[in-house]
Amino acid sequence: MELKLDYTEKRILTGVIFSIALIMANIITIKVIDLQLFDLRIHAGLIIYPIVHIISSIMADVYSKKDAQRNIIFGLGSYILFLIMIILVVFLPSPAIGNVDITGAFNTMPRPLLAASVAFILGNFITVAMTLHVKRRYIKSKSILKNIVAIDVGLIVDTIIFILIAYIGVLLPDRILSIVIVNSVFYIIWTAILTPVIGWFKKWIKS
(Lines give C-alpha, C1' and ligand atoms only; values in the text may rest on other atoms or scores of the structure.)
Protein backbone atom coordinates (compact mmCIF):
# COMPACT_ATOMS: atom_id res chain seq x y z
CA MET A 1 0.00 0.00 0.00
CA GLU A 2 1.32 3.44 -0.96
CA LEU A 3 1.77 5.57 2.16
CA LYS A 4 3.39 8.59 0.53
CA LEU A 5 1.11 11.61 0.97
CA ASP A 6 0.82 14.58 -1.33
CA TYR A 7 0.70 18.23 -0.25
CA THR A 8 -3.07 18.36 0.26
CA GLU A 9 -3.23 15.02 2.10
CA LYS A 10 -0.54 16.21 4.50
CA ARG A 11 -2.54 19.35 5.22
CA ILE A 12 -5.66 17.29 5.97
CA LEU A 13 -3.72 14.88 8.21
CA THR A 14 -2.14 17.82 10.04
CA GLY A 15 -5.61 19.24 10.72
CA VAL A 16 -6.77 15.88 12.07
CA ILE A 17 -3.75 15.67 14.39
CA PHE A 18 -4.52 19.23 15.51
CA SER A 19 -8.08 18.35 16.57
CA ILE A 20 -7.00 15.08 18.20
CA ALA A 21 -4.29 16.85 20.21
CA LEU A 22 -6.77 19.50 21.36
CA ILE A 23 -9.33 16.95 22.53
CA MET A 24 -6.69 14.67 24.05
CA ALA A 25 -5.22 17.57 26.04
CA ASN A 26 -8.64 18.28 27.51
CA ILE A 27 -9.15 14.61 28.43
CA ILE A 28 -5.82 13.99 30.15
CA THR A 29 -5.81 17.36 31.93
CA ILE A 30 -7.65 15.64 34.81
CA LYS A 31 -4.31 14.05 35.73
CA VAL A 32 -2.09 16.20 37.96
CA ILE A 33 1.66 15.62 37.65
CA ASP A 34 4.00 16.21 40.57
CA LEU A 35 7.19 17.65 39.11
CA GLN A 36 9.15 16.63 42.20
CA LEU A 37 10.64 20.12 42.29
CA PHE A 38 9.73 22.79 44.85
CA ASP A 39 6.34 21.09 45.29
CA LEU A 40 5.35 22.17 41.76
CA ARG A 41 2.47 20.49 39.96
CA ILE A 42 1.03 20.77 36.45
CA HIS A 43 -1.92 19.26 34.64
CA ALA A 44 -1.01 16.49 32.21
CA GLY A 45 -2.78 18.34 29.41
CA LEU A 46 0.17 20.76 29.29
CA ILE A 47 2.28 17.97 27.79
CA ILE A 48 0.01 17.54 24.75
CA TYR A 49 -1.39 21.06 24.32
CA PRO A 50 1.77 22.60 22.76
CA ILE A 51 1.17 20.35 19.73
CA VAL A 52 -1.86 22.52 18.97
CA HIS A 53 0.22 25.71 18.83
CA ILE A 54 3.05 23.93 17.02
CA ILE A 55 0.67 22.95 14.22
CA SER A 56 -0.83 26.47 14.07
CA SER A 57 2.66 27.94 13.68
CA ILE A 58 3.83 25.44 11.07
CA MET A 59 0.61 25.73 9.03
CA ALA A 60 0.96 29.52 8.97
CA ASP A 61 4.62 29.18 7.98
CA VAL A 62 4.25 26.47 5.34
CA TYR A 63 0.72 27.02 4.00
CA SER A 64 -0.89 30.39 4.69
CA LYS A 65 -2.51 32.56 7.34
CA LYS A 66 -5.94 31.68 5.96
CA ASP A 67 -5.27 27.94 6.12
CA ALA A 68 -3.96 28.20 9.69
CA GLN A 69 -6.92 30.28 10.88
CA ARG A 70 -9.41 27.98 9.15
CA ASN A 71 -7.78 25.03 10.88
CA ILE A 72 -8.18 26.77 14.25
CA ILE A 73 -11.90 27.31 13.62
CA PHE A 74 -12.36 23.66 12.58
CA GLY A 75 -10.47 22.63 15.71
CA LEU A 76 -12.81 24.72 17.85
CA GLY A 77 -15.75 23.00 16.15
CA SER A 78 -14.38 19.56 17.04
CA TYR A 79 -13.75 20.74 20.62
CA ILE A 80 -17.32 22.04 20.97
CA LEU A 81 -18.70 18.75 19.63
CA PHE A 82 -16.55 16.90 22.17
CA LEU A 83 -17.90 19.11 24.98
CA ILE A 84 -21.50 18.60 23.89
CA MET A 85 -21.09 14.83 23.98
CA ILE A 86 -19.32 14.91 27.36
CA ILE A 87 -22.03 17.12 28.90
CA LEU A 88 -24.72 14.89 27.40
CA VAL A 89 -23.10 11.73 28.79
CA VAL A 90 -22.50 13.30 32.21
CA PHE A 91 -26.10 14.42 32.66
CA LEU A 92 -27.90 11.45 31.13
CA PRO A 93 -29.71 9.40 33.81
CA SER A 94 -28.01 6.18 34.80
CA PRO A 95 -28.58 3.35 37.31
CA ALA A 96 -27.12 3.73 40.78
CA ILE A 97 -25.39 0.33 40.58
CA GLY A 98 -23.19 -1.10 37.87
CA ASN A 99 -22.37 2.23 36.20
CA VAL A 100 -19.10 4.14 35.96
CA ASP A 101 -19.46 7.70 37.23
CA ILE A 102 -17.45 10.09 35.06
CA THR A 103 -19.00 13.27 36.49
CA GLY A 104 -15.82 14.17 38.34
CA ALA A 105 -13.54 13.33 35.44
CA PHE A 106 -14.53 16.30 33.26
CA ASN A 107 -15.06 19.93 34.16
CA THR A 108 -18.43 20.90 32.73
CA MET A 109 -18.72 24.26 34.52
CA PRO A 110 -19.49 27.14 32.12
CA ARG A 111 -16.69 29.47 33.25
CA PRO A 112 -13.70 27.12 32.71
CA LEU A 113 -15.20 25.94 29.41
CA LEU A 114 -15.60 29.53 28.23
CA ALA A 115 -12.07 30.30 29.42
CA ALA A 116 -10.63 27.33 27.51
CA SER A 117 -12.45 28.25 24.29
CA VAL A 118 -11.51 31.94 24.36
CA ALA A 119 -7.90 31.17 25.30
CA PHE A 120 -7.63 28.57 22.54
CA ILE A 121 -8.89 30.91 19.82
CA LEU A 122 -6.94 34.02 20.86
CA GLY A 123 -3.78 32.12 21.78
CA ASN A 124 -3.62 30.26 18.48
CA PHE A 125 -4.46 33.36 16.43
CA ILE A 126 -1.56 35.12 18.17
CA THR A 127 0.72 32.15 17.40
CA VAL A 128 -0.22 32.48 13.72
CA ALA A 129 0.28 36.26 13.73
CA MET A 130 3.64 35.97 15.52
CA THR A 131 4.81 33.25 13.12
CA LEU A 132 4.08 35.43 10.09
CA HIS A 133 5.58 38.52 11.74
CA VAL A 134 8.83 36.75 12.59
CA LYS A 135 8.88 35.11 9.15
CA ARG A 136 8.64 38.51 7.43
CA ARG A 137 11.23 40.05 9.73
CA TYR A 138 13.73 37.24 9.26
CA ILE A 139 12.73 36.14 5.79
CA LYS A 140 16.18 34.75 4.94
CA SER A 141 16.42 32.70 8.11
CA LYS A 142 15.55 29.00 7.89
CA SER A 143 16.03 28.50 11.62
CA ILE A 144 13.27 26.71 13.50
CA LEU A 145 13.86 29.24 16.29
CA LYS A 146 11.39 31.67 14.71
CA ASN A 147 8.65 29.06 15.06
CA ILE A 148 9.65 28.33 18.67
CA VAL A 149 9.41 32.02 19.61
CA ALA A 150 5.95 32.32 18.04
CA ILE A 151 4.76 29.10 19.68
CA ASP A 152 5.98 30.17 23.13
CA VAL A 153 4.34 33.60 22.86
CA GLY A 154 1.04 32.03 21.80
CA LEU A 155 1.16 29.45 24.58
CA ILE A 156 1.92 32.05 27.25
CA VAL A 157 -0.89 34.35 26.06
CA ASP A 158 -3.19 31.31 25.93
CA THR A 159 -2.28 30.47 29.53
CA ILE A 160 -2.77 34.02 30.80
CA ILE A 161 -6.19 34.37 29.16
CA PHE A 162 -7.40 31.01 30.47
CA ILE A 163 -6.19 31.60 34.04
CA LEU A 164 -7.65 35.11 34.23
CA ILE A 165 -11.07 34.13 32.88
CA ALA A 166 -11.30 30.85 34.82
CA TYR A 167 -9.84 31.84 38.18
CA ILE A 168 -9.90 35.60 38.74
CA GLY A 169 -12.05 36.20 41.82
CA VAL A 170 -11.76 32.50 42.68
CA LEU A 171 -8.05 32.26 43.52
CA LEU A 172 -5.85 34.82 45.23
CA PRO A 173 -3.72 37.01 42.92
CA ASP A 174 -0.43 35.46 44.09
CA ARG A 175 -1.78 31.99 43.35
CA ILE A 176 -2.89 33.05 39.86
CA LEU A 177 0.53 34.58 39.21
CA SER A 178 2.32 31.43 40.36
CA ILE A 179 0.19 29.22 38.06
CA VAL A 180 0.90 31.49 35.07
CA ILE A 181 4.64 31.48 35.80
CA VAL A 182 4.88 27.71 36.33
CA ASN A 183 2.85 26.93 33.20
CA SER A 184 4.78 29.44 31.09
CA VAL A 185 8.19 28.17 32.22
CA PHE A 186 7.10 24.59 31.57
CA TYR A 187 5.94 25.49 28.05
CA ILE A 188 9.22 27.26 27.24
CA ILE A 189 11.30 24.31 28.44
CA TRP A 190 9.05 21.72 26.79
CA THR A 191 9.01 23.44 23.38
CA ALA A 192 12.80 23.74 23.56
CA ILE A 193 13.01 19.97 24.14
CA LEU A 194 10.60 19.40 21.24
CA THR A 195 12.65 21.55 18.83
CA PRO A 196 14.00 18.56 16.83
CA VAL A 197 10.47 17.15 16.49
CA ILE A 198 9.14 20.53 15.34
CA GLY A 199 11.93 20.80 12.78
CA TRP A 200 11.26 17.28 11.47
CA PHE A 201 7.50 17.88 11.25
CA LYS A 202 8.01 21.10 9.33
CA LYS A 203 10.36 19.39 6.84
CA TRP A 204 7.91 16.49 6.46
CA ILE A 205 5.09 18.82 5.48
CA LYS A 206 7.31 20.65 2.99
CA SER A 207 8.68 17.46 1.42
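Helices here are DSSP runs of H or I with at least four residues, numbered from the N terminus. Keep that in mind for the labels below, and remember that this is a predicted model.

**Start with Phe125.** Select residues 110–137 to bring up helix H5, then pick out Phe125, which lies in it. Is Phe125 buried, partly exposed or exposed? Its relative accessibility is 28%, so Phe125 counts as partly exposed, the class between the 20% and 50% cut-offs. Now show what Phe125 touches: leaving out residues up to four places away in sequence, you should get Gln69, Ile72 and Ile73. Add His53 to the selection and draw a C-alpha to C-alpha distance from Phe125; the two are 9.3 Å apart in space, though 72 residues apart in sequence.

**Hop to Ser56.** Next, select Ser56, in helix H3. With a relative accessible area of 1%, Ser56 is buried, since the cut-off for that class is under 20%. Which residues is Ser56 in contact with, leaving aside its neighbours within four places in sequence? Light up Phe18, Ala68, Ile72, Asn124, Thr127 and Val128. You've met Ile72 already, as one of the residues touched by Phe125. For another distance, try Asp67: eleven residues along the chain from Ser56, with 9.2 Å between the C-alpha atoms.

**Stay on H3 and bring in H6.** Colour residues 50–62 (H3) and 145–167 (H6), and look at how they cross: the axes come within 9 Å, at roughly 130 degrees. That angle makes H3 oblique to H6, and the crossing is right-handed. To see the contact itself, show side chains for Pro50, His53, Ile54, Ser57, Ile58 and Asp61 on H3, and for Lys146, Asn147, Ala150, Ile151, Gly154, Leu155 and Asp158 on H6. Colour that set by class and you'll find six nonpolar, four polar and three charged residues. His53, the partner in your Phe125 distance, turns up here too, on the H3 side.

**Zoom out.** Clear the selections and colour by secondary structure. How many helices and strands are there in the protein? Count eight helices and two strands. Trace the chain from the N terminus and the elements run α-β-β-α-α-α-α-α-α-α. Of the 207 residues, 41% are buried. If you draw contacts with a separation of 6 or more, 75% of them join residues 24 or more positions apart. Finish with the surface on: the protein exposes about 12200 Å², and carbon and sulfur atoms supply 72% of that.

Notes:
Residues are numbered from 1 along each chain as its sequence is written. This is a predicted model: local features need pLDDT of at least 70, side-chain atom pairs count only at pLDDT 80 or more; totals for chains, interfaces and linings use all residues. Side-chain values use heavy atoms; hydrogens and water are left out. Axes are lines fitted to C-alpha atoms, for helices over the stretch in contact, and angles run from 0 to 180 degrees between N-to-C directions. Angles under 35 degrees count as roughly parallel, over 145 as roughly antiparallel, 65 to 115 as roughly perpendicular and the rest as oblique. A crossing is left-handed if the near helix is turned anticlockwise from the far one by less than a right angle, and right-handed if clockwise. Contact means heavy atoms within 4.5 Å. Ala, Val, Leu, Ile, Met, Phe, Trp, Tyr, Cys and Pro count as nonpolar, Asp, Glu, Lys and Arg as charged, and the others, Gly among them, as polar. Buried means under 20% relative accessible area, exposed over 50%, partly exposed in between (1.4 Å probe, protein chains only). Accessible areas come from the Shrake-Rupley method with a 1.4 Å probe; for residues, only the protein chains shown count as cover.
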